[in-house]
Each structure stands twice: as structure tokens, then as C-alpha cells.
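Open the model in your viewer and keep the sequence beside it. This tour says what to select next and what is there.

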Amino acid sequence: MANHKSALKRIRSNEAKRLRNKYQHKTTRNAVRDLRVVEDKKDAEEKLVKVISMLDKLAKTNIIHKNKAANLKSKLTKHVAAL
């Protein structure tokens, strides 16, 4: 176990950040999955804007790599355009 007050605080803050990152990542993955099954183009275009925003936020905070975010955005945009 940690011996210093600062180490104990670091453990607490790391756990809080881990749970927040996990929640944001899972929520975004679910949004991507939901966007892929949408058949209506207008609805898909509306969802695409929200999903792209979520991916950008994850990449900005280093929850996912910026290239992964770019690849997902590209594939999703192509998918919506093909509807």
C-alpha cells in the first residue's frame, strides 16, 4: 500500500479518471455501433455529427489514438454517404 498522502490521492484520482474514460469510450463505441445499423440517410447524417464530435473529444484527451479517430470518422462518413 502507498506510504504518502500524495500517493493515496493519486490512487483515488487515477481510479476516478479510469472510470470516466471507460464510460466515455464505451458510450462512443455504442454510438458508432448504432450509427452503422441506421438505414435512414437523414437520421444517419444527424447521428454522424454527434459521433464525430465524440470521437474528436476522445482523441483530444488521449483516450483513443488520433489516427484511430480519423479512421473511424472516415469509414463512418463513407458509410453514411453510401446510404
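Helix axes here are lines fitted to C-alpha atoms, over the stretch in contact, and angles run from 0 to 180 degrees between N-to-C directions. The model is predicted: local features need pLDDT of at least 70, side-chain atom pairs count only at pLDDT 80 or more, and totals for chains, interfaces and linings use all residues. Residues are numbered from 1 along each chain as its sequence is written, and side-chain values use heavy atoms, with hydrogens and water left out.

**Stop 1: α1 and α2**

Select α1, residues 5-37. Add α2, residues 41-60. Helices are DSSP runs (H or I, at least four residues), numbered from the N terminus.

The two helices, α1 and α2, pack at about 155 degrees, and their axes are 10 Å apart. So α1 and α2 are roughly antiparallel (angles over 145 degrees count as roughly antiparallel, under 35 as roughly parallel, 65 to 115 as roughly perpendicular, the rest as oblique). The crossing of α1 past α2 is left-handed; that is, the near helix is turned anticlockwise from the far one by less than a right angle.

Now colour the contact residues, where contact means heavy atoms within 4.5 Å. From α1, take Q24, H25, T27, T28, A31, V32 and L35. From α2, take A44, K47, L48, V51, M54, L55 and L58. By class, this contact of α1 with α2 has nine nonpolar, four polar and one charged residues. Ala, Val, Leu, Ile, Met, Phe, Trp, Tyr, Cys and Pro count as nonpolar; Asp, Glu, Lys and Arg count as charged; the others, Gly among them, count as polar.

**Stop 2: T28**

Zoom in on T28 in helix α1. Is T28 buried or exposed? T28 counts as buried, because its relative accessibility is 4%. The cut-offs are under 20% relative accessible area for buried, over 50% for exposed, and partly exposed in between (1.4 Å probe, protein chains only).

Show the side chain of T28: it reaches the backbone oxygen of Q24 at 2.9 Å. Leaving out residues up to four places away in sequence, T28 touches M54, L55 and L58.

**Stop 3: Q24**

Move along α1 to Q24. Q24 is partly exposed, with a relative accessible area of 33%. Beyond residues up to four places away in sequence, Q24 touches L58 and I63. Try a distance too: Q24 and S13 are 11 residues apart in sequence and 17 Å apart in space, C-alpha to C-alpha.

**Stop 4: L58**

Cross over to L58 in helix α2. L58 counts as buried, at 3% relative accessibility. Which residues does L58 touch, not counting residues up to four places away in sequence? They are Q24, H25, T28, I63 and I64. For another distance, pick the C-alpha atoms of L58 and A31: they are separated by 13 Å, and the two residues are 27 apart along the chain.

**Stop 5: the loop**

Follow the chain to N62, in the loop between α2 and α3. N62 is not a glycine, yet it has a positive phi of about 60 degrees. N62 counts as exposed, at 68% relative accessibility.

**Stop 6: α3 against α2**

Select α3, residues 66-82, and keep α2 on screen. Helices α2 and α3 pack at an angle of about 175 degrees, with axes 10 Å apart. That makes α2 roughly antiparallel to α3.

Colour the α2 side, including L48, V51, I52 and L55. On the α3 side, pick residues including A69, L72, L76 and V80. The residues of the contact of α2 with α3 divide into 11 nonpolar, one polar and five charged.

**Stop 7: α3 against α1**

Hide α2 and bring back α1. Here α1 and α3 pack at about 20 degrees, with their axes 10 Å apart. That makes α1 roughly parallel to α3. The crossing of α1 past α3 is left-handed.

Select V32, L35 and R36 of α1, then L72, L76, H79 and V80 of α3; these make the contact. The residues of the contact of α1 with α3 divide into five nonpolar, one polar and one charged.

Technical notes:
Polar contact = N/O pair within 3.5 Å; in protein donor to acceptor, adjacent residues only side chain to side chain.
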